[in-house]
Amino acid sequence: MRVAIMQPYFLPYIGYFQLIHAADVFVVYDNIKYTKSGWISRNRFLQNGSDAIFSLQLKKDSDSLDVVQRQISVDFDRNAFKRKLEGAYRKAPYFASVNALLDRILACESNNLFKFIHHSIREVCHYLNIDTPILISSEIPADHQLAGKHRVMSICHALNATEYLNPIGGVDLYQSEEFAAGGLALSFIKSKGTPYVQFDNSFVPWLSILDVMMFNSVERCMEIIQGDFDILKAGQAH
């Protein structure tokens, strides 16, 4: 059984959903430290032909807290956030259906950052017909006091996994010999990033999944998600 484990990201790029689809079980971390310099609460979208940042406004709090302990600010204006994206994509071919999806995402009643992002991931998967089981890390009987590769392997063992699948960006973090010693194969997924039409602009790659869905039908999105990547064994990934 192939397991993938990732931090929660808000409307991440398509590679995140390729990873979910390619796994038999996908685990999303809730009990992991929030990093404000990362992509947990923000991503990029297309605005006037170039990339721009959208983000969730968070309540000011300690940098030592886990994602599940962080809250979206009561000052975060969901309507203003939606208007920003509407202004950017109103003329996109699949605006109506994706805008309705965005309504469902923003309708999440919780201001808990993890619950909000977890809800958004599930909504996007439902829209795209991705049915991979999504588990929450803290609910898995693993040793969560461990860190890095040791924590990853503990989660995989708790799920009776035979293979751990990670994005290609983590190729220098893990060694196949260590995973093999624990009875796990190690593989990496590498997205190809095939261009698609974005209005009449030059293609801007690696934007939020929102951008992919605005310009492509569900069927085309799934063609990209199912086939526009390579899975490399650990020894092939360098």
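The side chain of Ser 64 makes a polar contact with the side chain of Ser 62 at 2.7 Å. A polar contact here is a pair of N or O atoms within 3.5 Å; within protein, one must be able to donate a hydrogen and the other to accept it, and residues adjacent in sequence count only if both atoms are side-chain atoms.

Before we go on, please note that this is a predicted model: local features need pLDDT of at least 70, side-chain atom pairs count only at pLDDT 80 or more, and totals for chains, interfaces and linings use all residues. Residues are numbered from 1 along each chain as its sequence is written, and side-chain values use heavy atoms, leaving out hydrogens and water.

**Three loop residues**

The table shows where three residues sit. Helices (H or I, at least four residues) and strands (E, at least two) are DSSP runs, numbered from the N terminus. Buried means under 20% relative accessible area, exposed over 50%, and partly exposed in between (1.4 Å probe, protein chains only).

| Residue | Loop between | Relative accessible area |
|---|---|---|
| Leu 11 | E1 (2–6) and H1 | 1%, buried |
| Ser 64 | E4 (50–55) and H2 (78–89) | 52%, exposed |
| Trp 206 | E7 (185–191) and H7 (209–215) | 38%, partly exposed |

Most residues other than glycine have a negative phi. Leu 11, though not a glycine, has a positive phi of about 45°, and Trp 206, also not a glycine, has a positive phi of about 60°. The C-alpha atoms of Ser 64 and Leu 11 are separated by 24 Å, and these residues are 53 apart along the chain.

**Helix H1 and its partner**

Of the nine residues in H1, eight are buried, among them Tyr 16, Phe 17 and Ile 20. Which residues of H4 do these three meet? They meet Ile 121, Val 124 and Cys 125, where contact means heavy atoms within 4.5 Å.

H1 (residues 14–22) and H4 (residues 113–128) pack at an angle of about 75°, with axes 12 Å apart. The two helices are therefore roughly perpendicular (65 to 115 degrees). Axes are lines fitted to C-alpha atoms, for helices over the stretch in contact, and angles run from 0 to 180 degrees between N-to-C directions.

**The core**

The largest nonpolar core has 88 residues, and Tyr 89 and Leu 128 have the most contacts inside it. Such a core is a set of buried Ala, Val, Leu, Ile, Met, Phe, Trp, Tyr and Cys residues joined through side-chain atoms within 4.5 Å. H4 gives this core its largest share, nine residues. Leaving aside residues up to four places away in sequence, Leu 128 touches Ile 209, Met 213, Val 218, Cys 221, Met 222 and Ile 225.

Terms used: Angles under 35 degrees count as roughly parallel, over 145 as roughly antiparallel, 65 to 115 as roughly perpendicular and the rest as oblique.
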